[in-house]
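Me: I'm new to reading protein structures and would like a close look at one part. Could you take me through the inside of this one, step by step?

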Amino acid sequence: QKKIGYTYQKHWFYLEDISVQQKIQNVKSVILTISVHTKRKICEVVKMEKYIPIIERLKREEKDILIFTHENPDGDGIGSMIALYLFLKKIGKNVVMAMKDDVPYVYNFLPKVNEIKKLPINHKFSVAILVDASSRKRAGTQIQSHELIRIDHHIGGEFESIYDYVDDYSPSTTAVVTEILRNWDESLIDKEIATCLYTGLITDT
């Protein structure tokens, strides 16, 4: 602050009612501002890989994982779900994807749509990941899990876990999923995963 002669508010780092993701976004904003005022690139300010807590959480998970999206699904919800499903399958995770409604026929070209199961499922999963929805209620049915994590790009909603990854600046949830996968292992993003991610981006923009 003294070096660049720029002041910024610090109080939001200590508020109890502010979400983890909001804190992260505030930190990102400060870094961006510093980089602009010092005429340096962000990569010169931060010389380390981005830390995304949900990645570390899923790396540790050895039991079954459910990925689900909202009822009346669109390309962003379905694309996010399948992309994450394919990635986790690649690294050997025990994962299931499911939703209440049938896949709209316009998305039948997406890979592995035939592997999407119907909710509700009479089983309690170790971890359930909700994509592209503001709360579990948007699933339209009951979800059984020991832990629930939310990945989304919508403003507001219910925060379910300290591992939630919600970025309301992102144009789609697939953009959020892309950031997660690129920081995890970008080399595992193949044509099928990329197709799902792009489908969600087109749908929401």
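Reply: Happy to help; here is a walk through the core and the strands that run through it. Keep in mind that this is a predicted model.

Let's start with the largest nonpolar core, which has 38 residues. The members that touch the most others in it are Ile54, Ile67, Ile82, Leu88, Ile129, Ile151 and Ile180. Several elements give two or more residues to this core, among them strand E1 (65-69), helix H4 (75-90), strand E4 (125-131) and strand E5 (145-152). The largest share comes from H4, with 9 residues. Apart from this core lies another one of 12 residues, including Phe68, Ala128, Ala133 and Leu148.

Now zoom in on Ile67. Leaving aside its neighbours within four places in sequence, Ile67 is in contact with Met81, Leu84, Tyr85 and Leu88, among others. Its contacts also include Val95, Val96, Met97 and Ala98, as well as Ile129 and Val131. Ile129 is also the bridge partner of Ile67 in E4.

That brings us to strand E4 itself. E1 and E4 run parallel and are joined by 5 bridges. E4 also pairs with E5 in the parallel sense, over 6 bridges, and here Val127 stands opposite Glu147 in E5. Of the 7 residues of E4, 7 are buried, that is, under 20% relative accessible area, so E4 is largely enclosed by the rest of the structure.

For a contrast, look at Tyr198 in helix H6 (residues 191-204). Tyr198 is exposed, with a relative accessible area of 53%. Together with Leu201 and Ile202, Tyr198 forms a nonpolar patch on the surface, with about 300 Å² of accessible area.

Terms used:
Residues are numbered from 1 along each chain as its sequence is written. This is a predicted model: local features need pLDDT of at least 70, side-chain atom pairs count only at pLDDT 80 or more; totals for chains, interfaces and linings use all residues. Side-chain values use heavy atoms; hydrogens and water are left out. Patches are made of residues with over 30% relative accessible area and no salt bridge: like charges are joined within 9 Å, nonpolar side chains (Val, Leu, Ile, Met, Phe, Trp, Tyr) within 5 Å. Accessible areas come from the Shrake-Rupley method with a 1.4 Å probe; for residues, only the protein chains shown count as cover. A salt bridge is a side-chain nitrogen of Lys or Arg within 4 Å of a carboxyl oxygen of Asp or Glu. Helices (H or I, at least four residues) and strands (E, at least two) are DSSP runs, numbered from the N terminus. Buried means under 20% relative accessible area, exposed over 50%, partly exposed in between (1.4 Å probe, protein chains only). A nonpolar core is a set of buried Ala, Val, Leu, Ile, Met, Phe, Trp, Tyr and Cys residues joined through side-chain atoms within 4.5 Å. Contact means heavy atoms within 4.5 Å. Two strands pair if DSSP finds at least two bridges between them.
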